[in-house]
2 protein chains.
Amino acid sequence: MPKIKILLIDDHAVVRAGFKLLLTTYANIEIIAEATRGEQGIQLSQQYQPDVIVLDLSMPGIGGLETIKRIIQRDEDAKILVFSVHDEPVYVNRALNAGAKGYITKNSAPTILPEAIEFIQQGKNYVEEGLLKAISSSSDSDYQKTIQSFSPREFDIFRLLAKGLVTRKIAQELCLGYKTVANYATQIKKKLHVSSLAELAHIAVIVGIMKH
Amino acid sequence: MPKIKILLIDDHAVVRAGFKLLLTTYANIEIIAEATRGEQGIQLSQQYQPDVIVLDLSMPGIGGLETIKRIIQRDEDAKILVFSVHDEPVYVNRALNAGAKGYITKNSAPTILPEAIEFIQQGKNYVEEGLLKAISSSSDSDYQKTIQSFSPREFDIFRLLAKGLVTRKIAQELCLGYKTVANYATQIKKKLHVSSLAELAHIAVIVGIMKH
DNA sequence: GCGTAGAAAAGGAAAAATTCCTAAGATTTA
DNA sequence: TAAATCTTAGGAATTTTTCCTTTTCTACGC
């Protein structure tokens, strides 16, 4: 039986190393390429044609969600497994909607990892125990709905605003013009019907995107 | 030369595995024990007397900060290195104030890891390049202290700002001039070393003044 | 009693951020 | 192919913030 070929996209060297070590006991899985950011991952996925792409959601640059979308766009059937720290329904939702076939968290037991990879490789879906439940039961308050409808960029900027970053910082972080971020901020506040960033911060906590 | 004995406290199996793999090339460092949560880590630190304790900040249960505090409480000279995803000054600050001797992020290059461990083991401090720059005195208890020192008016305005009220509204609410409130707001932000009202909102929750 | 300190309130001017409108390119969808 | 949406950002007007300063009042110590 040929090995399952993995492309691993994660900006943290430790996580990549850990991934490798955890998989050494599974002879039928092999990491054929690694990327530290989305753009590079997209490129490598075309070059190497991996069986399964494992990626993190929070990455510098275009981020995980956008990476998923772009990969799917180039290859409808790309098998993407998200491997994230986030266990909030919003994230799971967005990742699956973007085209991911599976979602597991970094909290999950090491044995979940090969299991999920095999499922995905076989064309099945795999969402970690407990996450799906959260999705269906996630109260669809107005906030939830509004936030779900955010575009990737809106969501990014929303997150950073809620965290407390100042417009200038966000622009730096996302490599955008100051005015772009300012305009998004205005738009986001309007969509959420708030007039201050403090309120926005509270909402982010309520919907489970931010912790203190 | 005897090996540097490490206790590793991190709830993510992948990270622990990665840690191990990254250190295999460094013969003088050895992981003698691992814990998946703070409580267990405290217990193991007493049992094994490691040279350096490496821990993550975000953990279920008592969390990283509290873990640091309790370990230090039992052993003043415990050498704790924080290894976190967060690169925000607030986290660095709070960790160092709690008693950590070093702070590196999971983004950092793999070579930083042994370097930091050796520094810490030798009794030095080690804070990753770039993290120290924005550090002010703003730990949990510092927030408490700062807020305690607020005058009644400052506190009022702080509360309303944290709640999400806009300057104009606060002025109305307290029957004050717009400029008065604006000036107080500036002053309050400066005292808390924050630059956005979102951060201010988070602080209010942290210190227990606000709920969601 | 009188000076000092500190809160409270707010004005003025300059700097910075926000809002609103607009628009172009890119891409997706119908 | 046309319509819709997303991303990016400029311009202008407006609003907010910042920093500095001033006035008034109260409390506290000597």
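**Exercise 1. Work out how DNA strand C is held by the protein.**

Step 1. Start with the strand's own atoms: of those in DNA strand C within 4 Å of the protein, 64% are sugar or phosphate, and bases make up the rest. Before going on, note that this is a predicted model, in which local features need pLDDT of at least 70, side-chain atom pairs count only at pLDDT 80 or more, and totals for chains, interfaces and linings use all residues. Residues are numbered from 1 along each chain as its sequence is written, chains are lettered from A and ligands numbered from 1 in the order in which they are written, and side-chain values use heavy atoms, with hydrogens and water left out.

Step 2. Now list the neighbours. A residue is near a strand if one of its heavy atoms lies within 4 Å of it. DNA strand C has 18 residues around it, and the closest are Gln73(A), Ser151(B), Arg153(B), Gly177(B) and Lys179(B).

Step 3. Look for polar contacts, here pairs of N or O atoms within 3.5 Å. Ser151(B) puts a polar side-chain atom 2.3 Å from a phosphate oxygen of DNA strand C. The side chain of Lys189(A) has an N or O atom 3.3 Å from a phosphate oxygen. Asn183(A) goes for a base instead: a polar side-chain atom sits 2.7 Å from a base nitrogen.

Step 4. Find the elements. Helices (H or I, at least four residues) and strands (E, at least two) are DSSP runs, numbered from the N terminus. The largest share of the surface near DNA strand C is seven residues from α10(A).

**Exercise 2. Do the same for DNA strand D.**

Step 1. There are 18 residues around DNA strand D, and Ser151(A), Arg153(A), Gly177(A), Lys179(A) and Lys190(B) come nearest. Sugar and phosphate account for 62% of the DNA strand D atoms that come within 4 Å of the protein.

Step 2. Chain B makes several polar contacts. The side chain of Thr167(B) has an N or O atom 2.6 Å from a phosphate oxygen, and Thr186(B) has a polar side-chain atom 2.8 Å from a phosphate oxygen. Lys179(B) reaches a base oxygen, at 3.4 Å from a side-chain N or O atom.

Step 3. The elements giving two or more residues to this surface are α8 (152-163) and α10 (178-191) of chain A, plus α8 (167-174) and α9 (178-192) of chain B. The largest share, seven residues, comes from α9(B).

**Exercise 3. Trace the sheet of chain B.**

Step 1. Two strands pair if DSSP finds at least two bridges between them. Six strands form an open, parallel sheet in the order β2-β1-β3-β4-β5-β6.

Step 2. Check the ends: β2 (29-35) and β6 (126-127) each pair on one side only, making them the edge strands.

Step 3. Zoom in on one pairing. β1 (residues 4-9) and β2(B) run parallel over six bridges, and Leu8(B) has Glu34(B) as its bridge partner in β2(B).

**Exercise 4. Describe helix α3 of chain A.**

Step 1. α3 (residues 63-74) has 12 residues and spans 17 Å from first C-alpha to last, close to the 16 Å expected at 1.5 Å a residue; the expected span is 1.5 Å times one less than the number of residues.

Step 2. Buried means under 20% relative accessible area (1.4 Å probe, protein chains only). The buried residues of α3(A) include Leu65(A), Ile68(A) and Ile71(A).

Step 3. In contact terms (heavy atoms within 4.5 Å), the buried residues of α3(A) pack against β1 (4-9), α2 (38-48), β3 (52-55), β4 (80-84) and α4 (89-98) of chain A.

Technical notes. A polar contact is a pair of N or O atoms within 3.5 Å; within protein, one must be able to donate a hydrogen and the other to accept it, and residues adjacent in sequence count only if both atoms are side-chain atoms. Buried means under 20% relative accessible area, exposed over 50%, partly exposed in between (1.4 Å probe, protein chains only).
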